[in-house]
Amino acid sequence: MSKRQPTVVPLRKGQTGRPDRGNPLLPLKTTDLCFDINGKRIIDQVDLAITSDGISVILGPNGAGKSVLLRLLHGLLKPARGEVLWRGRHIDDTLRKRQALVFQRPVLMRRSVADNIRFAIALRSFPDAKHRLDRALELAGLTSQAYQPARALSGGEQQRLAIARALAIDPDVLILDEPSSNLDPGATLAIEQLIETARVEGKKVILVTHDLNQAKRIADEIIFIHHGRIIEQTPSPLFFNNPTSNHGRSYLDGGLLV
Amino acid sequence: MQDFSSSFTLAANLIWSAKPELLEIITLSLQVTLSAVVIACLIGFPIGALLAVAQFRGRTALTLLFNTLMGLPPVVVGLLVYMMLSNAGPLGFLQLLYTPVAMIIAQALLVTPIIIALTRQVIEDLYQEYAEQFHSLVVPRRTAVMALLWDARYGLITTALAGFGRAIAEVGAVIVVGGNIAHVTRVMTTAIALETSKGELALALALGFVLLFIAMTINASVFLLRASAARMSYV
Ligand SMILES: Nc1ncnc2c1ncn2[C@@H]1O[C@H](COP(=O)(O)OP(=O)(O)OP(=O)(O)O)[C@@H](O)[C@H]1O
Ligand SMILES: [Mg+2]
């Protein structure tokens, strides 16, 4: 059996499949967002505004607070101070249902590949469940492994499955935490194609990565974070040509000290 | 009093010839314990899962309670059920004392805390893994519990087997509420106790072998289950 790679309609950067409609959850705004763990400030007075469609990439060194920030945006953690507003509304179950987060270490259920996707689809009672499953499997290139235990998949396959599962529930916002760390170039390409598919479908993508080349390839804007603070937020080409912050510049030069 | 070697020979003969007397006792034992374990699982799986997943006051206290009840001496359970079912007791009108049903109730009571405590542990471990993903997906509580029970099925079968092993081997509860009446409530362990006290070692030994064999089967099943679960990456 052949593994099919997802086919992607090429679009210009920044262009989405539904440019006229706009994303129903945007803008995302945080004001004075703070979060502590054991008395240590992990997220420090973050004022963030994500207003445009496309792919926002969060860059920053290890321990900068990227994963914690994603959890706060998605409402898995309650801020110590400040707030997270998606189009003016506090994050709650209703809003969270319109989003999907793929964790840095994907959480796969002890079931087959297909049943992992089925579980997510069943939560939203889509009328075309069967079709969605088939499409997700195809998107992940896992059709031939549909009935294998999900946790027996390779790392790259697990990542693809987690992303395909996230996409299967048709979120307006897709949040990805380092989806291709530890993956080889081929697997990374497959993931990036999945992300591209999401963008083309008009989903807002918020993605954390360490991989500068990946950021360069896919980002529409860069949000640079260091020690729990937003250092700069810049359109992608600009960031790579001429970062406005010194931290950003030294990170690009590979010399940022944590 | 038979001597030892002839007891072994007699016991082997008893098993080999599948004496009806022996078969009857074994069958009743299995029926009573299987029923008790099924009941205990029906009660214990959902309660254990809820204890693992739900957040409420007194959750830790309840967990401690069930962990303690795991070690409840069978005779004490027998005594409690006896007091409930005796003519003077609140359920005396049911006339259940010295029936297999009484024995099932006693063993179910004995095993339920075990199932609850072990289930809570199994489900809690799995929930630690799933919790954030479930929160993100907005999984309703009931769906979450069902999913956890299903995904932990290998662990839960092991749990049920542990309960079965404990119940089939206990004598204290069934002898108090069953009374070891021949052809009615005589099970393997009570028969062994009686025959030994009468000095009739052959039947006692034969039943002892059967019990050992059952214990071995249970252990082998647990072993095979673990292996197959591991092979499927389900542990
Ligand atoms: N559960 C936790 N308990 C204690 N400290 C934590 C916990 N989660 C995060 N931290 C701390 O918070 C800080 C930010 O963590 P976070 O996971 O957000 O970093 P990150 O930017 O995602 O790093 P990486 O690039 O390595 O994934 C780190 O210093 C980390 O040690
Ligand atoms: Mg992280």
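The expected span of a helix is 1.5 Å times one less than its number of residues. That yardstick suits a first look at this predicted model, starting with helix α10 of chain B, which covers residues 201–231. Across its 31 residues, α10 reaches 44 Å from the first C-alpha to the last, close to the expected 45 Å. Just after this helix comes B:Ser233, which takes a positive phi of about 55°.

Attention turns next to the metal site in chain A. The magnesium ion, ligand 2, has A:Ser67 and A:Gln104 as its protein donors, through OG and OE1 respectively, at 2.0 to 2.3 Å. These two residues bring together distant parts of the chain, being 37 residues apart: A:Ser67 belongs to helix α1 (residues 66–74), while A:Gln104 sits in the loop between β6 and α3 (113–123). Their surroundings can be described by accessibility. A:Ser67 has a relative accessibility of 19% and therefore counts as buried, because buried means under 20%. A:Gln104, at 33%, counts as partly exposed.

The interior also holds some enclosed space, and a search of the whole structure finds two cavities of 30 Å³ or more. The largest has a volume of about 80 Å³. Residues from both chains line the largest cavity: chain A provides, among others, A:Ala100, A:Leu101, A:Val102, A:Phe103 and A:Arg165, and chain B provides B:Gln133, B:Ser136 and B:Leu137. In terms of secondary structure, β6 (99–102) and α5 (155–168) of chain A, along with α5 (100–137) of chain B, each supply at least two of the lining residues. By class, this lining comprises nine nonpolar, two polar and one charged residues.

The second largest cavity encloses about 50 Å³. Its lining includes B:Ser29, B:Thr33, B:Gln107, B:Ala167, B:Ile168 and B:Glu170. Helices α2 (20–53) and α7 (153–169) of chain B each contribute at least two residues to the lining of this second cavity. Here the classes are four nonpolar, four polar and one charged.

Finally, a word on the cysteines. Zero disulfides are present over all chains. A:Cys34 is buried, with a relative accessible area of 0%. B:Cys41 has a relative accessibility of 10% and so counts as buried too.

Note on methods:
Residues are numbered from 1 along each chain as its sequence is written. Chains are lettered from A and ligands numbered from 1 in the order in which they are written. This is a predicted model: local features need pLDDT of at least 70, side-chain atom pairs count only at pLDDT 80 or more; totals for chains, interfaces and linings use all residues. Side-chain values use heavy atoms; hydrogens and water are left out. On a 1 Å grid over the protein atoms alone, a cavity is a set of points where a 1.4 Å probe fits but cannot get out, and a pocket is an open set with protein on both sides within 12 Å along at least five of seven lines; lining residues have an atom within 4 Å of a point. Grid points are joined across faces, edges and corners, and a volume is the space filled by probe spheres set on the points. Helices (H or I, at least four residues) and strands (E, at least two) are DSSP runs, numbered from the N terminus. Ala, Val, Leu, Ile, Met, Phe, Trp, Tyr, Cys and Pro count as nonpolar, Asp, Glu, Lys and Arg as charged, and the others, Gly among them, as polar. A disulfide is a pair of cysteine sulfur atoms within 2.5 Å. Buried means under 20% relative accessible area, exposed over 50%, partly exposed in between (1.4 Å probe, protein chains only). Donors are N, O and S atoms within 2.8 Å of the metal (3.2 Å for Na, K and Ca); water is not among the atoms, so sites may look incomplete.
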